[in-house]
Amino acid sequence: MSLVTVVWSMIAAACLTLAAVHLPVWWRNREARATLAFSLAAICTAALAMCELAMLKASTPAAYAEAQRWMNLPVALLLLALAGFAHHYLDAGLRWLAITAISLRLLSLVINFAVGESGNFLHTVSLHAVPLLGEQVSMAVGVRNPWRVIGQFAVFLLMLYFIAASVRAWRRSRRVAAVLVGGSLTFFMVASLARAFVVSWWGGEVPSTVSLFALGVVAVMGYALSADLLRAKQLVVELSEREREADLAADAASLGTWTSDIVRGTLQPSKKLRELFGFASDDRLDAEQLAQRVHVDDRAAFRDRLSQAARRRGEYQSEFRLVLPDGQLRWITALGRVDFDAKGKPLRSRGACIDITARKAAEQEMLRLRQDIAHVGRVSVMGQISAALAHEINQPLGAILRNAEAAALFMQHESPDLQEISAILEDIRKDDQRASAVIDRIRALLRHGEVAMTTLNVRSVLGDVATLLWPDAAARHVALELTVPGDIPAVRGDQVQVQQVLLNLILNGMDSLEGVSDRPRSVTVTARCEGPASVEISVTDSGRGIDARYVGRLFEPFFTTKAKGIGMGLSISRGIIEAHGGRLWAENQAVGATFRFTLPVAS
Amino acid sequence: MVESIVHVVDDDESFLMAMSRLLRASGFAARTYSSAREFLGERCADKPGCVVVDLRMPDLGGLDLQAALGHTPYPLPVLFLTGHADTASTVRAMRGGAEDFLEKTAAKEVLLEAVRRALARDQQEREERSHRDELRARFAAISAREREVLCHVLRGRLNKQIAGDLGIHERTVKVHRKSIMTKLSVRSVAALAQLSQEAGLPAYS
């Protein structure tokens, strides 16, 4: 058997083998279009090799022409496959260039079957014998098809396309792919064009060896794909390594993780997640079962977050309580993300849960302590003004007593003045209400409970405190003045706490007037708008001012300059105001000091 | 006799009203004032009465009112009322010569008794004052020389000694003595001594 027959047959066999390996790969992963293009190129090369072998071994001009005509079909398809490979593998741009080239080549294929004997010859006159691999093979001589220039131009365009693709891949740092794949594709085109020029324009006698070049290109492409497969395998190994690390980290951090396939509605919870939600390790779980464990009060919010994340936002964070089968309550914070496909449809969600029961307990304990301290602070403030309070409550009680005694005396008259007596009774009723209003105010201040944020009318809050302190101010000869502009907006806060802060600041102001006699003794409370979003309330006294040595320590707990103070007033006040989202600070004036704080305007 | 008036000063309108009703029902004449300034503006101190005033009031408090009254020639007795009596203000008020210091919720009997006592004291002070005024008018009629003689007489000196001291004749001293006795309408030296003391004039003591 001749060597040419052996080599060409082996080319065909090798290419078919490669196609047989890669075609199933594509079948299982339809996204791998480059693999499909490669398989197609390998099959075309096999077909091309067989047609070319028939040409080389042709004994008559007619047989040669027949083989050449059919060879143009796999050649055209091969070029199509190569263009496809370049497009998918090298991620080349210039699609229009590839489409133009392939269209021209397909046009030339039509001409191949329609005009003359083939795309190459209108009429084959005779066969020449030329040497190849130490034997004589056939080569035709005849009238060339003038339309062949279209096919050659298509190859030229493809060459430009491959060059462009190589440059692009190079610029994207895919250097090996650019040189190997791009380079071999380009070289294949250059070689084809060179042979076409030599044979069909200069009349050179070179036998057809397209298959050899095509094999080279297919081999390079195959190598590139296999290298990718190897790399993918390595990535899988690395990925599973990472996953194990992530699992380890999640375990160490007591994180329960899950992945949920939204399309299929399946859920893959980690072991820790099952533990957190109180499920056994072999229970089948879905999202609904998880939701059922969430505390009834939190469930709606929990579902809302999930569906919101699925609809648009992608990421979500949520805090909720779980009720475990044994009735135990567990606080969980969950962090998750929803992945979307290219069309914006939710694909899957992933996330992690962590048990924050201990933290929550600490937070609540802290809150309780803070409320206790605030309560103690209020009680001590009330102690300071208790004399004033007794005075204020005895005022209406005294009036009631005197009225009742007067009425009793009037009744002893022979003809009692009933009008007078009914006026007395009406006054007694009013004073009784006045007394109970005082008691209500005190009780509200001493209330020991949770913070109730409401919309507060600045004027009435300030007015209540002023009313409470006014007797004390009078007894200490302090003019307590209130300035509230008419257009002051309502603020958001806890009435009791805000009043406590005001009480503190005003009492401090009055304390600072101790021993001041050379100037008016005054404490002025002023409210004003500070920008559109907050109201500033200031308490200014005409007292001693703040000793420069203490300015920095004023708000420290247990810091006091008073003989009987516990040093918590300003510290608690600042805590309260900051919890309200405001600021509390102090500044010295030319005479006396000003304490200012801000509160957010109620929306 | 002019009727005594109880002046009630309190910024708490309701208490003011109740207090005046009780006083009227108990047979007192009462007048009310809603501030210390209003009361001081009325200048009622020349008529008999007493003041019942709230210790704590804005602007001028009870203690200020008491101090202002102290500067007038005929101060009315002041009775303090307060919602709540703390030690410091009680001490200050009593030191200022307060007639009494009561809580507003004090029993009626205690309160009315205090008012009666204050009015009685005012009455007594007024009588003492008018008696003293009369004495002073009598002493005012005595001439400068007679006053010198009187001084010596009250020291228990004899006519002869006085004449020697003043460098005048003994008979002249006798004339002066007779004139003094007539002007002050007393008969004995003992009565003269007592009268001088009652007049409260330091020069004669």
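**Exercise 1.** In this predicted model, find the bridge partner of Phe80(B) in β5(B), then place that strand in its sheet.

*Solution.*
- Start at Phe80(B): its partner in β5(B) is Phe101(B).
- Step out to the strands. Strand β4 of chain B covers residues 78-82, and four bridges join it to β5(B). The two strands run parallel.
- Now take the whole sheet. It is open, has five strands and pairs in parallel, in the order β2-β1-β3-β4-β5 (chain B).
- Mark the edges: β2 (29-33) and β5 (100-103) of chain B each pair on one side only.
- Add the twist, which averages 20° from one strand to the next.

**Exercise 2.** Determine which strands of chain B helix α5 touches, and how its direction relates to β3(B).

*Solution.*
- Locate the helix: α5 of chain B spans residues 108-140 and packs on the sheet.
- List the strands touched: β1 (5-9), β3 (49-54), β4 and β5 of chain B.
- Read the angle. The direction of α5 makes about 135° with that of β3(B).

**Exercise 3.** Describe how helices α6 and α7 of chain A pack.

*Solution.*
- Two quantities are needed: the angle between the axes and the distance between them.
- Helix α6 (residues 175-201) and helix α7 (residues 210-252) of chain A have axes that come within 10 Å and cross at roughly 170°.
- Angles over 145 degrees count as roughly antiparallel. Therefore α6(A) is roughly antiparallel to α7(A).
- Identify the contact. From α6(A), contributors include Leu180(A), Leu185(A) and Phe188(A); from α7(A), they include Phe213(A), Val217(A) and Met221(A).
- Sort the contact residues: twelve are nonpolar, three polar and none charged.

**Exercise 4.** Work out the strand order and edges of the five-stranded sheet in chain A.

*Solution.*
- The sheet is open and antiparallel, with order β4-β3-β7-β6-β5 (chain A).
- Its edge strands are β4 (266-269) and β5 (315-323) of chain A, each pairing on one side only.
- The twist averages 20° from one strand to the next.
- Check one pairing. Seven bridges join β3 (residues 255-261) to β7 (residues 346-355) of chain A, and the strands run antiparallel.
- Within that pairing, Ser260(A) has Ser349(A) as its bridge partner in β7(A).

**Exercise 5.** Characterise the contact of chain B with chain A, and note the confidence scores.

*Solution.*
- Count residues: 22 come from chain B and 24 from chain A.
- Find the main contributor on the chain B side. Helix α1 (residues 13-25) of chain B gives the most, with eight residues.
- Classify the chain B side: eight nonpolar, seven polar and seven charged.
- Check confidence. The model scores ipTM 0.73 and pTM 0.44. Chain B has a mean pLDDT of 83, with 94% of its residues at 70 or more.

Note on methods:
Residues are numbered from 1 along each chain as its sequence is written. Chains are lettered from A and ligands numbered from 1 in the order in which they are written. This is a predicted model: local features need pLDDT of at least 70, side-chain atom pairs count only at pLDDT 80 or more; totals for chains, interfaces and linings use all residues. pLDDT is the predictor's confidence in each residue, from 0 to 100. Two strands pair if DSSP finds at least two bridges between them. Axes are lines fitted to C-alpha atoms, for helices over the stretch in contact, and angles run from 0 to 180 degrees between N-to-C directions. Angles under 35 degrees count as roughly parallel, over 145 as roughly antiparallel, 65 to 115 as roughly perpendicular and the rest as oblique. Two residues are in contact if their C-beta atoms, placed from the backbone, lie within 7 Å. Ala, Val, Leu, Ile, Met, Phe, Trp, Tyr, Cys and Pro count as nonpolar, Asp, Glu, Lys and Arg as charged, and the others, Gly among them, as polar.
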